[in-house]
Amino acid sequence: MEIDNKNVKYVEYDGLRLPPFVPLLKDPKERFEEIRDMECRKDDVIIAAYPKSGTHWIWEVVCMLLKGKAEYAKETKDFLFLEAIPDMSVVHNLASPRPLNTHIPYRHLPKQHVQNGGKIIHIIRNPKDVAVSMYHQLLDTGLFKTFDFKTYLDKMFLSSACPFSTWFKYEKEYEEAEKKDKFGSIHTIHYENMKKNPIEETRNLAKFLELSTTEELIVEIVDKCSFHKLKQIDSSFKDHSHFKKIIHAEREGFKMPEMLRKGQIGDWKNHFTVALNEQFDDIFKEEMKDSSIQVQFE
Ligand code: A3P
């Protein structure tokens with residue numbers, strides 16, 4: 001079974017295959033250079049995560065923390081999604097502090113931000129749930145013929161055809177960067193910890209951002225950013241026009257993917273057979289043998 005379809009034209013750069021449904025609006029080389037060379041401000045915050053790790057969620061939490069108010073942003077995080085915004089002037093014209101976000105690997109982050117010890121919030125989610133979440137998002141776009149989960153794992157998620165390279169490569173690069181981070185400027189948050197202890201994790205985020213957020217506000221932010229409330233807001237309040245602009249929505253058969261699908265830990269168990277799970281565990285063990293990242297599968 002093939003998972004490509006003729007509607008899908010891939011864009012590649014530096015060995016990275018970029019998502020078919022969010023093609024960079026400019027030449028990818030030009031956009032990656034613009035990101036690398038962008039002018040940064042001391043209080044910029046970059047949320048950096050592999051796709052489907054909870055970027056929308058943490059972006060909303062960070063926006064509220066930075067604003068000091070538990071108020072939803074009208075925009076979705078795609079408004080400040082570095083690799084896909086229509087024009088970098090969106091970022092240049094924005095008031096500080098800017099909650100930027102990206103899925104690009106560490107080596108491509110804005111040079112000035114990294115050199116000056118600018119704050120980076122890195123999210124990690126267990127790769128089995130990431131794989132499942134991405135599988136549904138790809139199917140949701142309507143751009144592909146239906147494909148089964150095994151085919152998708154073999155031909156996409158575990159291969160170099162995976163958007164933004166494989167989860168393994170992406171996470172090992174951030175792990176290395178964190179080890180060498182002399183400023184303490186990378187704060188890693190595990191999706192699973194955020195699910196289990198949202199108050200503590202949100203408190204830690206506020207501390208990392210050097211904000212004197214009250215306990216009352218932390219509790220309010222956690223509540224407003226719960227899965228069900230965010231999902232409801234996503235359909236009733238959020239302005240998705242920006243995302244529609246960047247995704248080439250005119251493609252035949254394209255549908256808006258569901259960004260807030262289940263929001264659970266362990267949905268992988270509904271998709272992996274015993275054999276697939278064993279195959280995945282073997283690959284995981286081999287790929288991560290020199291890594292000390294503690295991944296939580298349940
Ligand atoms: P699922 O597809 O497993 O539901 P990203 O924002 O990086 O694209 O990640 C999307 C994933 O984060 C989706 O996972 C989505 O449901 C989940 N997510 C978004 N908001 C969440 C929240 N408030 N709580 C838990 N999970 C959330």
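**Exercise 1. Polar contacts of the ligand**

Which atom type of S53 lies 3.1 Å from an oxygen atom of the ligand, and how does the ligand pair with W57 and R125?

*Solution.* The model is predicted. Start with S53: a backbone N or O atom of this residue is 3.1 Å from a ligand oxygen atom. Next take W57, where an N or O atom of the side chain lies 3.4 Å from a nitrogen atom of the ligand. Then take R125, whose side chain places an N or O atom 3.0 Å from an oxygen atom of the ligand. With a cut-off of 3.5 Å for a pair of N or O atoms, the S53 pair counts as a polar contact, and the pairs of W57 and R125 count as well. As for cover, the ligand on its own has 570 Å² of accessible area, and the protein covers 98% of that.

**Exercise 2. The shell around the ligand**

Describe the residues around the ligand by number, class and element.

*Solution.* First, the number: 19 residues surround the ligand, and T55, H56, S133, Y191 and K262 are the closest. Second, the class: the shell has 7 nonpolar, 7 polar and 5 charged residues. Third, the elements: two or more shell residues come from each of α2 (55-67), α8 (191-196) and α11 (227-236). Of the shell, α2 gives the largest share, with 3 residues.

**Exercise 3. The pockets**

Locate the ligand among the pockets, then set out the volume and lining of the largest and the second largest pocket.

*Solution.* Begin with the location: the ligand sits in the largest pocket. The volume of this pocket is about 650 Å³. Its lining consists of 38 residues, with K52, G54, T55, H56 and M259 nearest the centre. T55 and H56 thus appear in two lists, being among the closest residues to the ligand and among those nearest the centre of the largest pocket. By element, at least two lining residues come from each of α2, α5 (127-140), α8, α10 (215-224) and α11. By class, 22 residues of this lining are nonpolar, 9 are polar and 7 are charged.

Now turn to the second largest pocket, which has a volume of about 270 Å³. It is lined by 20 residues, and K42, D43, G117, G118 and K119 lie nearest its centre. The lining splits into 7 nonpolar, 7 polar and 6 charged residues.

**Exercise 4. The cavity**

How many cavities of 30 Å³ or more does the structure hold, and which residues line the largest cavity?

*Solution.* The count is 1. The largest cavity has a volume of about 100 Å³. Its lining is made up of H56, W59, E60, E75, T76, K77, L230, D234, K238 and L260. Sorted by class, this gives 5 charged, 3 nonpolar and 2 polar residues. The elements α2 and α11 each give two or more residues to the lining, and α2 has the largest share, 3 residues. H56 belongs to this lining and is also among the closest residues to the ligand.

**Exercise 5. Backbone geometry**

Where are the cis peptide bond and the positive phi of D14 placed in the fold?

*Solution.* Recall the background: most residues other than glycine have a negative phi, and most peptide bonds are trans. The cis bond joins S96 and P97, with omega at about -10 degrees. P97 is in the loop between α3 (89-92) and β4 (99-102). D14, which is not a glycine, has a positive phi of about 50 degrees. D14 is in the loop that runs between β1 (11-13) and β2 (16-18).

Methods. Residues numbered from 1 in each chain as written. Predicted model: local features only at pLDDT ≥ 70, side-chain atom pairs only at ≥ 80, totals over all residues. Heavy atoms only, no water. Near = heavy atom within 4 Å. Polar contact = N/O pair within 3.5 Å; in protein donor to acceptor, adjacent residues only side chain to side chain. Areas by Shrake-Rupley, 256 points an atom, 1.4 Å probe, with all protein chains shown as cover. 1 Å grid on protein atoms, 1.4 Å probe; cavity = no way out; pocket = protein on both sides within 12 Å on 5 of 7 lines; lining within 4 Å. Sits in = over half its atoms within 2 Å of the grid points. Helix = DSSP H or I, 4+ residues; strand = E, 2+ residues; numbered from the N terminus. Nonpolar A, V, L, I, M, F, W, Y, C, P; charged D, E, K, R; others polar. Points joined across faces, edges and corners; volume = space filled by probe spheres on them.
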